[in-house]
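Work through the exercises below with the model open beside the text, and try each task before reading its solution.

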Amino acid sequence: MKKGKGAVLMETVLIHILYLVLFYVALLLLHNNRLIIKNLSEITGSNFFVQLLLHMAVMLAFPIAVAVYTKTSLTALGITAKNGFLGAILLVVYLLQFFIRKDFSARGIYSAVYLLVSVALGEELFFRGWSYSRLKQINLIAAMLISGMFFGMMHAIYPGVVAGKSAADIAISMVTGHLGGGIVGGLLFVLLLELSGSLFIPILAHALLDYVDYANGWWGVAAYVFSVAYLIVKIKFIDKKAIRLFHVKAADSDTKA
């Protein structure tokens, strides 16, 4: 029996709440048992892979499980090959940033890998790929607000756990310090997803914005602006021209037939 829109909305909100709870519990257990680092300065060659696997498990296990549970297809998640050229450009810029930083230590390599395959991939897979894409079938505005709101709230958990804050203090910080930023940030990545039709574009843009430090922050902003401009130009001129060309060829074929 197909679920109604109200049931889907309620289920999706509850899954978001469960995500926050499990994310908090997982980080708390790992932190209290000294299984995860507090900051990147603690990364060494000996703990590199263990830390990466633990962080990837925390960030990716739940989104993947939810996608399987809700029977969400890869296409519905935005896992497509659309706009691969733009994706390649963003990946090159990301790699270029790594070489510009000239930090080839275990910490430097970890930072580049962790922010891309753990943070950006995990957050975009859940909040844009699954959450937003599912909710927009019900209501576009609700999709942008709900996915963005929870996206912002989850960012209060890790720093709160590391700082030793209580669950109550973290919950307050979610609302007072991260709610609005999450909605705004979420909208920026939603725009890329909608324009590109591929989750890989917001993943790479997200990673770039997280990876660059304050001194090189313009790299991430420039990459984002370029991506939006490129996609708009491509949709408005290149794609439309290709569609018109297809129609002309189709009409010629019909005439010859």
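**Exercise 1: the surroundings of F200**

Once residues up to four places away in sequence are set aside, F200 touches I79 and T80. The model used here and in the exercises that follow is a predicted one.

Task: state in which helix F200 lies, and decide whether F200 counts as buried, partly exposed or exposed.

Solution. Step one is to place the residue, and F200 lies in helix α9. Step two is to classify it: the relative accessibility of F200 is 40%, and because partly exposed covers the range between under 20% and over 50%, F200 counts as partly exposed. Step three adds a separation through space, since the C-alpha atoms of F200 and A88 are 9.9 Å apart although the two residues are 112 residues apart along the chain.

**Exercise 2: salt bridges**

Task: find how many salt bridges a search of the whole structure gives, and work out which helix holds both E124 and R128.

Solution. Step one is the count, and the search of the whole structure finds 5 salt bridges. As background, side chains of opposite charge can pair when their charged atoms come close.

Step two takes E124 and R128, which form a salt bridge with their closest N and O atoms 2.7 Å apart. Both residues lie in helix α5, 4 residues apart, which is about one turn of the helix. With a cut-off of under 20% for buried, E124 counts as buried at 0% relative accessibility, and R128 is likewise buried, with a relative accessible area of 0%.

Step three turns to E194 and K136, whose closest N and O atoms are 2.9 Å apart in a salt bridge. This pair links distant parts of the chain, as E194 is in helix α8 and K136 is in the loop between α5 and α6, 58 residues apart. E194 is partly exposed at 40% relative accessibility, and K136 is partly exposed at 31%.

Step four covers R107 and D103, whose side chains meet in a salt bridge at 3.9 Å, N to O; this value can be set against the limit of 4 Å for a salt bridge. R107 is partly exposed, with a relative accessible area of 39%, and D103 is partly exposed at 24%. A network of salt bridges also links K3, E11 and R134.

**Exercise 3: the pockets and the core**

Task: identify which helix gives the largest share of the lining of the largest pocket, and which gives the most to the lining of the second largest pocket.

Solution. Step one is the largest pocket, which has a volume of about 540 Å³. It is lined by 26 residues, of which Y114, V119, E123, H155 and D210 are the closest to its centre. The largest share of this lining, 5 residues, comes from α5, and by class the lining has 17 nonpolar, 6 polar and 3 charged residues.

Step two is the second largest pocket, with about 300 Å³ of space. Among its 13 lining residues, V8, S133, R134, Q137 and I138 lie nearest its centre. Here α5 gives the most, with 3 residues, and the lining divides into 4 nonpolar, 5 polar and 4 charged residues.

Step three is the largest nonpolar core, where L20, Y94, F126 and I157 touch the most other members out of 68 residues. The largest share of this core, 13 residues, comes from α5. Beyond its neighbours within four places in sequence, Y94 is in contact with S111, A112, L115, L116, A207, L208 and Y211.

Key
Residues numbered from 1 in each chain as written. Predicted model: local features only at pLDDT ≥ 70, side-chain atom pairs only at ≥ 80, totals over all residues. Heavy atoms only, no water. 1 Å grid on protein atoms, 1.4 Å probe; cavity = no way out; pocket = protein on both sides within 12 Å on 5 of 7 lines; lining within 4 Å. Points joined across faces, edges and corners; volume = space filled by probe spheres on them. Helix = DSSP H or I, 4+ residues; strand = E, 2+ residues; numbered from the N terminus. Nonpolar A, V, L, I, M, F, W, Y, C, P; charged D, E, K, R; others polar. Buried < 20%, exposed > 50% of the residue type's maximum accessible area, 1.4 Å probe, protein only. Contact = heavy atoms within 4.5 Å. Core = buried A, V, L, I, M, F, W, Y, C linked by side-chain atoms within 4.5 Å.
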